[in-house]
Amino acid sequence: MRAHIDLPLVVDRSSPVPLAVQVGGQLREAMRTGALKDGERLPSTRGLAALLGVSRTVVTDAYQQLYAEGWLDGRHGSGTYVAEGTSGHPEGPAVGAVPAARTVPASRPRPDGLIDLRPGRPWVHDHDRAAWRRAWRSAGDLPLDDAPDPYGRPELRELLAEHLRRARAVPVGAGDVMVTRGTGNGLDLIAATLLGPGARAGVEEPGYRKARTVFAGRGAQIVPCPVDDQGVIVEALPDDLRVLYTTPAHQYPVGGRLPIPRRERLLAWARRTGAMIVEDDYDAEFRYDVAPLPALYGLDPARVVLLGTLSKSLSPDVGVGWLVAAGPLLDRVARRREELTDRTPGPVQAAVATMLARGDLDRHLRRTRLEYARRRAAIVEALGPLVHGDTAGLHVMIEVPAAALPGLVERARERGVLLDATDRHHHGPPRVHGLVLGYGSVSLADVRRGCEVIRELISPVPGA
Ligand SMILES: Cc1ncc(COP(=O)(O)O)c(C=O)c1O
C-alpha cells in the first residue's frame with residue numbers, strides 16, 4: 001500500500017528497505033534536487049507520520065539521520081527546517097562551511113540506503129572545513145622540496161613527538177619519529193626492513209587481516225598468535241618469531257586492553273627471544289571511560305616499533321601516520337624507504353602540521369569522541385550481554401549464539417544492514433564466533449536501527 005502527501009514522498013511497505021530509510025532518502029533527494037528549498041519548514045514528526053500512515057519513530061529516525069548529515073536545522077521549539085546552503089547541491093551539505101566552499105564533497109550515506117555496520121571507517125562528515133582550507137592555504141604557500149626527506153618534514157615530526165609525549169606518555173623526540181602514509185605503510189616499511197622470505201611473523205589471531213597481507217607480501221611466513229579478552233596470550237607465543245604484530249591499546253577485533261603485567265611479560269619474551277614487537281596503537285585516541293594506558297613503546301624502545309595513524313582520528317583519505325623506533329632501527333627503515341622510493345607527500349605533511357599546531361585536530365577529536373561514545377553506548381544498550389571489549393574505539397565484537405550464525409550476514413543484508421563476521425579476521429580456523437560491528441561511519445539513528453535488526457535476527461538474545 002502506498003501513501004501520498006504534497007511533499008513528493010511515498011512509503012512502500014512491501015520493500016525490504018526500512019521505512020525510515022525510505023522517508024529519509026526521499027527527503028534527501030528532494031533537498032538535493034531543490035524540490036525542498038533552503039529554510040523551508042518540514043512537517044512536524046507527528047503530522048508527517050499521520051500523513052504517511054507510519055509510526056512517529058519512523059519519521060523521527062529519518063529526521064535524526066538528516067540532522068546528523070547536516071541537511072536539516074532544528075530551531076529549538078520552533079520546528080525543523082532545511083539547512084541553509086543545502087538545497088540544490090547534489091554533493092550534499094557542507095557542515096560548518098560557507099556555501100561558496102563546496103570544493104570538498106561531503107561524504108554521503110550509501111546511495112543504496114543500506115546501513116553499513118562493517119568496521120574500518122571513521123565519521124568524516126563533520127570535520128571543520130574552515131580549518132581544513134586554512135591548513136591547505138598555508139601548505140600551498142610553501143616552496144616545493146627537490147629532495148623529500150625519508151623521515152618526513154621536521155616540523156611535523158616535532159609536532160607528532162609532542163602529541164605522543166602528551167597523549168601516549170612515550171618519551172620521544174622528533175628524531176625517533178618518521179612520518180608515514182598510515183599504519184599500512186608503516187607495516188610495509190617494517191616488513192621490508194626486518195622480514196624476508198621465510199621469516200616468521202606473528203600476528204594476533206583473530207587479528208588485523210591487512211597486517212597478515214602486508215607481511216606475507218614481503219615473503220614472511222604468518223604465525224597466528226591467539227588472543228583472549230585481554231589481548232595477546234604471551235605464554236602461547238613461540239620463541240622463533242622475527243616480529244610480532246599486536247594491538248595492545250584496543251585489540252582488533254576482540255577489543256581487550258593488554259593489562260600491565262601482561263605487557264611486562266610480553267617485553268620479557270621479546271628480550272629473551274630477540275623478536276621485535278610491532279605495536280599498532282590503533283584506536284588509542286578513542287577511550288570513553290578511563291584514560292588509555294601509556295604505549296608499550298615507552299616501556300622498552302629497543303624492542304618495540306610504534307605505529308599510529310590519522311586514518312581514524314581524521315580520515316584515511318589524508319594518508320598520514322607515524323612510525324616510532326629507537327635510533328638505529330629508524331635509520332635502517334629510512335635507508336630502506338629511500339631504496340623503495342617510498343615517501344609521504346610534503347604538502348600533505350605541511351597541511352597536517354598546521355592542523356596539529358593550531359589545535360584543530362584536538363578539537364576534532366573531542367567532538368568525534370563524544371559522538372562515537374554515544375553510538376557505542378547505543379550498541380551496548382541494544383545487545384549488552386553479547387558485547388566484548390573495552391569502552392573504546394570504533395568497533396565492538398559481539399558474540400553470536402552458534403545457531404544464529406549461519407546465513408546471518410546474508411539475512412541482515414536482505415533487511416538493509418551490512419555486517420562483518422569474525423571468520424574473516426582469522427588466519428586459521430575461526431576461534432571466535434560472532435560479528436565485528438563498526439560504528440564509525442553510521443549515524444546514531446542507523447546504529448540503533450542496525451542493532452534492532454541484529455536483535456531480531458539472533459533472538460532470543462540471552463539476558464537482553
Ligand atoms: C587494526 C587497524 N590498524 C590500523 C588501521 C588504519 O590503517 P591505515 O593507517 O593504513 O589506514 C586500521 C583501519 O581500519 C585497523 O583496523
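Here is an informal look at a predicted protein model, with an eye on its charged residues.

**The overall picture**

Let's start with the whole protein. Its secondary structure adds up to 13 helices and 15 strands. Of the 464 residues, 55% are buried. If you take the contacts with a separation of 6 or more, 71% of them are between residues 24 or more positions apart. The accessible surface is about 19,500 Å², and carbon and sulfur atoms hold 54% of it.

**Charges that pair up**

Side chains of opposite charge can pair when their charged atoms come close. In this protein, the count of salt bridges is 25. The table shows some of them, with the distance between the closest N and O atoms.

| Pair | N to O distance | Residues apart in sequence |
|---|---|---|
| R134 and D360 | 3.3 Å | 226 residues |
| R168 and D281 | 2.6 Å | 113 residues |
| D390 and R257 | 3.4 Å | 133 residues |

Take R134 and D360, joined by a salt bridge. This pair links distant parts of the chain, with R134 sitting in helix α4 and D360 in helix α11, which covers residues 360-383. Are the two partners buried or partly exposed? R134 is partly exposed because its relative accessibility is 26%, in between the 20% and 50% cut-offs. D360 has a relative accessible area of 5%, which is under 20%, so D360 counts as buried.

Next come R168 and D281, whose salt bridge has its closest N and O atoms 2.6 Å apart. R168 is in helix α5 and D281 is in the loop between β9 and β10, so this salt bridge ties together parts of the chain 113 residues apart in sequence. Both partners, R168 and D281, are buried.

Then there is the salt bridge between D390 and R257. Here a loop meets a loop: D390 belongs to the one between β12 (387-388) and β13 (395-399), while R257 belongs to the one between β8 (243-246) and α8 (260-273). These two residues are part of a network, since salt bridges with shared partners join R257, R287, D289 and D390. D390 is partly exposed at 21% relative accessibility, and R257 is partly exposed at 23%.

**A charge without a partner**

Now for D283, which is in the loop between β9 (276-280) and β10 (304-309). How far away is the nearest side chain of opposite charge? That side chain is K312, at 6.9 Å, and D283 is buried with no salt bridge. A salt bridge needs the nitrogen within 4 Å of the carboxyl oxygen, so 6.9 Å is too far for this pair. Setting aside residues up to four places away in sequence, D283 touches H250, G393, L394 and H395.

**Out on the surface**

Some negative charges gather on the surface: D145, D146, D149 and E338 make up a patch there. One of them, D149, is in the loop between α4 (129-140) and α5 (154-168). With 34% relative accessibility, D149 counts as partly exposed.

Finally, have a look at R424, in the loop between β14 (417-418) and β15 (434-438). R424 is partly exposed, at 38% relative accessibility. Which residues does R424 contact, leaving aside neighbours within four places in sequence? They are R209 and R212. R424 and G207 are 217 residues apart in sequence, yet their C-alpha atoms are 9.3 Å apart in space.

Methods. Residues are numbered from 1 along each chain as its sequence is written. This is a predicted model: local features need pLDDT of at least 70, side-chain atom pairs count only at pLDDT 80 or more; totals for chains, interfaces and linings use all residues. Side-chain values use heavy atoms; hydrogens and water are left out. Helices (H or I, at least four residues) and strands (E, at least two) are DSSP runs, numbered from the N terminus. Buried means under 20% relative accessible area, exposed over 50%, partly exposed in between (1.4 Å probe, protein chains only). Contact means heavy atoms within 4.5 Å. Accessible areas come from the Shrake-Rupley method with a 1.4 Å probe; for residues, only the protein chains shown count as cover. Lys and Arg count as positive and Asp and Glu as negative; His and the chain ends are not counted. Patches are made of residues with over 30% relative accessible area and no salt bridge: like charges are joined within 9 Å, nonpolar side chains (Val, Leu, Ile, Met, Phe, Trp, Tyr) within 5 Å. The place of a charge is taken as NZ of Lys, CZ of Arg, CG of Asp or CD of Glu.
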